[in-house]
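Please open the structure in a viewer and keep the sequence panel visible beside it. The tour below proposes a series of selections and describes what each one contains.

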Amino acid sequence: DSVAAKQLKNHNWNIEQAVDAEEPLGIMKRKTNELLFNNKRYFQSNNPKDTSSATQTLNKLFDTYRDNAKEEPDTISVEGSMRYLQDLGLSLEEPVVLAILTELSAPTMGELTRQGFVDGWKRLR
């Protein structure tokens, strides 16, 4: 079943309840999962043995969005964050972005550190 079908089934086919129940962080997990693992369900596995491969994969994703690898290898700037959020289907103006940046320990609005990004997504797993 598709994600939409599962959501509808879980809410007795009531569209309003199904849409209201889809929390923003859940949406971000699903979209980041798609970016990270091409639907290999990163956020649905709690296997502690996966830690090193998860860290490697999250680091690779982080590296695709950083702007200045030479001078700031562990920072995604506002421009890189905008690309990441755009790939997730969001813009910096959306309120859910504040929740994401908080969960990823962003030091300033739109800036991400490697440690915050990796540890944040692993914690949300």
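A contact here means heavy atoms within 4.5 Å. With that meaning, among contacts in the chain between residues at least 6 apart in sequence, 47% join residues at least 24 apart. The model on display is a predicted one.

**The whole chain**

Begin by selecting the entire chain and colouring it by secondary structure. There are 7 helices and 2 strands to find. Followed along the sequence, these elements appear in the pattern α-α-α-α-β-α-α-β-α. Next, switch on the surface. Its accessible area comes to about 7,700 Å², and 49% of this belongs to carbon and sulfur atoms. Of the 125 residues of the chain, 34% count as buried.

**The nonpolar core**

Hide the surface and turn to the interior. Which residues touch the most other members of the largest nonpolar core? Select Tyr84, Leu85, Phe117 and Trp121: of the 20 residues in this core, these have the most other members in touch with them. To see where the core is drawn from, highlight α4 (51-65), α5 (78-87), α6 (96-103) and α7 (114-124), each of which supplies at least two of its residues.

**The aromatic residues**

Now display the aromatic rings. A search of the whole structure finds 3 aromatic pairs. For one of these, select tyrosine 84 and phenylalanine 117. How are the two rings arranged? Their centres are 5.5 Å apart and their planes stand at 70°, so the pair is edge-to-face, since planes over 60 degrees apart are classed in that way. The pair links distant parts of the chain, as tyrosine 84 lies in helix α5 and phenylalanine 117 in helix α7, 33 residues apart.

Are these two residues buried or exposed? Tyrosine 84 has a relative accessible area of 1% and is therefore buried. Phenylalanine 117 is likewise buried, because its relative accessibility is 0%; the limit for a buried residue is under 20%. Extend the selection to Phe62 and Tyr65, and one aromatic cluster is shown, formed by Phe62, Tyr65, Tyr84 and Phe117.

**Serine 81**

For the final stop, remain on helix α5 and select serine 81, which is found there. Serine 81 counts as buried, because its relative accessibility is 2%. Which residues does serine 81 touch, not counting those up to four places away in sequence? Display Ile76, Gly110, Glu111 and Leu112 to see these neighbours of serine 81.

How values were computed: Residues numbered from 1 in each chain as written. Predicted model: local features only at pLDDT ≥ 70, side-chain atom pairs only at ≥ 80, totals over all residues. Heavy atoms only, no water. Core = buried A, V, L, I, M, F, W, Y, C linked by side-chain atoms within 4.5 Å. Buried < 20%, exposed > 50% of the residue type's maximum accessible area, 1.4 Å probe, protein only. Helix = DSSP H or I, 4+ residues; strand = E, 2+ residues; numbered from the N terminus. Phe/Tyr/Trp six-rings, centres within 6.5 Å; stacked < 30°, edge-to-face > 60°. Areas by Shrake-Rupley, 256 points an atom, 1.4 Å probe, with all protein chains shown as cover.
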